[in-house]
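Reader: Could you walk me through this one while I have it open? I'd like to ask things as they come up.

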Amino acid sequence: MATAVAAPAADTDRSGTRRSRRGGEQDRSGRLFNRLAATCMTLFALIWLVPFLWALITSLRPNEEIAANPTNPWGSNWNLDAYSYAWNSSPLGWWYVNSFIISSLTVVFTVVVCSMAAFALVNLNFRGKYVLFGLILAGLMVPVEALVLPQFLEFRAIGLLGTYWAVILPSVALPVALFVFHSFIKAIPVALIEAARLDGASWWRIYSQIAMPLSRPAISAVAILTFITSWNAFLWPLLVLTQTKSQTIPVGLSSLVGGSAIQYAETMASAVLGILPLLAVFLVLQRQIAQGVANTGIK
Amino acid sequence: MTATALPAPRTGVEVGDRAATAGRPPRSENRAGWLFATPFLALYLAFLIGPVVIGLLISLFNTTTVRSGIGSWVGFSNYADVLTNADFWASMWHSALFTLLTTPILVLLPLLFAVLVSRLARGQWFYRLAFFAPYVVPSAAVCLIFAFMYTPETGLITNAFGWFGLTAPDFFGSTSGAWFAVVLLTVWWTFGFNFILYTAAIQEISEEVYEAAALDGAGPWQQIRMITVPILRPTIGLVLILQVLSSLKVFDQIYILLTGGPNYTTRPVIQYIFDTGFSAYRGGYAAAATMVYFVVLVLVSVGWFLVRRRNNSANT
């Protein structure tokens, strides 16, 4: 997670131009190579976009036309009927609401809980700290996805099956998120915290008014990745959310796979509706990341 | 998600922090420390360590998932049953096979693409968008779209085979066709994650190294082979282990697209646990299968951790 987040951040516009100022003899072969690379990559990037476009185009065509001419997307009767049908025939609205509430609460809890623990591990000296650190480090190797069965039995025993909490609680104490905060909070100058301490600030105040504002990149990194992971989670929500109306987008959509073979447009419309929210988040996120880079550049 | 093992190699050695001066901590600080750490610790013990303990316990009983209660003690007989069950080993093999099929592609192809894209002067955002966007799409939506494109006779991919004079395999009816379908879908879907990891690492490489190489007369291909790839070796190792771990945990695509079919010939081990635990209600047995699978995954992580540490100490 740490690396994944740092990834787009390092990638600014300058990176695009910097390679091209190389001079010298090999310039011509280099330019040829780069042109070839650009052609290949553009071709592949376009291929990568095909499934999106195909789903979008299909969702806009009438079913009779798709059945008659499956691979010829050009038609004059594009319309949005499939979307209203898809919206009305399945509780998509409820799935959006559930996914949104679950993902947002997971983000809030993960950020608060993990950053508090990281703050304690960095700045506070308490007994058992190293045992705790080792325990959490070991947790990096625990494959949670493999443990759904015992987890299910545990949630049945405490009576939380079918609730939002059953989906939220297991994903909050995330060792990776803790270590992202750990490395960020550790970079805060000691003098700053000691000065605040001398001024009589409580630990809570130091955490909430010094450590957290200074870890904003870590917060947004953890928040964005937690949101994506939580929104796309499939197996665990499938197990614990059994009522159709309480399901999340991925679980609800999965029930449409292999369903009605003739309603191509409606199925693709549902897929597009399922993709839209996160794709929007992703597009916004790109800009936000560029800004984050600019801010860190000033410091 | 795939990312769980990431910072392990780096954070392992940095336990010593600024507060780690010798002596007993003041009482107020001790209390504050525990107050800050308690929410995490409680959730961590309850929902990360808890399931491991419960899984171990349940695997020794003949628990069913229909009734509450733990059932009666059966010792290690669940383990004996699991370890001699051909279906269990078949599903373990399917997860391993999926890993063997996807890992080489998903480690090498993003590396090649990231190296090439990093050399381009314009449109970096476009490549990042195209390659990374699928990663934020829910598995079910990916499967809806690909199931439509795999439709026999009318599907886009089925027809694409025809454009090259080939016959498309039976994506849903034959085992090899089903594997092809799932691997292609997975490459499209998860490619961007590794691509971004590589891109970030490439951006860290100093420009001067390339300038020096260019002055010495190194062409673009030589620069990639002699500079970029060697510097990226740690990143390649990281991507490799993350890919192996996430491929071994495959469930979504195979379950949604094929339900492990045709005739259970692609069923991964998580679906086997799912089927025995939740459809056949054999909780104790499925817990034993969970623990065996769990141990395999932990061994892979620990093995990588040890190799990594040995390499690190050899270098210094």
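Reader: What are the helix and strand shares over residues 171–197 of chain B?
Author: In this predicted model, residues 171–197 of chain B are 85% helix and 0% strand, and the end C-alpha atoms of that span are 31 Å apart. Helices here are DSSP runs of H or I with at least four residues, strands are runs of E with at least two, and both are numbered from the N terminus.

Reader: Which spans of chain B does UniProt annotate as "transmembrane region"?
Author: The unreviewed UniProt entry gives that annotation to residues 34–58, 96–117, 129–151, 171–197, 235–258 and 285–307 of chain B. UniProt positions are given in the numbering used here, feature names are shortened, and annotations may be inferred rather than shown by experiment. For residues 96–117 of chain B, the model has 100% helix and 0% strand, with the end C-alpha atoms 31 Å apart.

Reader: And how is the numbering done, and what confidence is needed?
Author: Residues are numbered from 1 along each chain as its sequence is written, while chains are lettered from A and ligands numbered from 1 in the order in which they are written. Because this is a predicted model, local features need pLDDT of at least 70 and side-chain atom pairs count only at pLDDT 80 or more, whereas totals for chains, interfaces and linings use all residues.

Reader: What does the "domain" annotation on chain B cover?
Author: According to the unreviewed UniProt entry, "ABC transmembrane type-1" covers residues 92–304 of chain B. In the model that span is 76% helix and 0% strand, and its end C-alpha atoms lie 20 Å apart.

Reader: How many helices and strands are there in chain B?
Author: Chain B has 14 helices and 0 strands, and its C-alpha atoms fill a box of roughly 75 × 75 × 35 Å along the principal axes. Of the 316 residues in chain B, 46% are buried, meaning that 20 or more other C-beta atoms lie within 10 Å of the residue's own (12 or fewer makes it exposed, in between is partly exposed, and C-beta atoms are placed from the backbone).

Reader: Which elements of chain B have the lowest and highest mean pLDDT?
Author: Helix H1 (residues 8–11) of chain B has the lowest, at 40, and helix H4 (residues 86–118) of chain B has the highest, at 94; pLDDT is the predictor's confidence in each residue, from 0 to 100. Over the whole of chain B the mean pLDDT is 84, and 92% of its residues reach 70 or more. Residues 1–22 of chain B stay under 50, although the model has 38 contacts beyond four places in sequence for them, a contact being two residues whose C-beta atoms, placed from the backbone, lie within 7 Å.

Reader: Now the interface: how many residues does each chain put into the contact?
Author: The contact takes 102 residues from chain B and 105 residues from chain A. On the side of chain B that touches chain A, helix H2 (residues 27–58) of chain B gives the most, with 20 residues. The predictor gives the complex an ipTM of 0.84 and a pTM of 0.85.

Reader: Which residues touch the most other members of the largest nonpolar core?
Author: Within that core of 169 residues, they are Cys114(A), Ala117(A), Leu178(A), Phe181(A), Phe40(B), Leu144(B) and Leu257(B). Helix H8 (residues 175–204) of chain B supplies the largest share of this core, 16 residues. Such a core is a set of buried Ala, Val, Leu, Ile, Met, Phe, Trp, Tyr and Cys residues joined through C-beta atoms within 7 Å.

Reader: What does Leu178(A) touch?
Author: Leaving out residues up to four places away in sequence, Leu178(A) touches Cys114(A), Ala117(A), Ala118(A), Ile136(A) and Phe40(B).

Reader: Switching to Ala289(B), why does that residue count as buried?
Author: Ala289(B) is buried because 31 other C-beta atoms lie within 10 Å. Ala289(B) sits in helix H14 (residues 283–315) of chain B and, not counting residues up to four places away in sequence, touches Val82(B), Phe88(B), Tyr272(B), Ile273(B) and Thr276(B). Ile273(B) is 16 residues from Ala289(B) in sequence and 6.6 Å away in space, C-alpha to C-alpha.

Reader: Last one, how much of chain A is buried?
Author: Of the 299 residues of chain A, 43% are buried, and the secondary structure of chain A comes to 16 helices and 0 strands.
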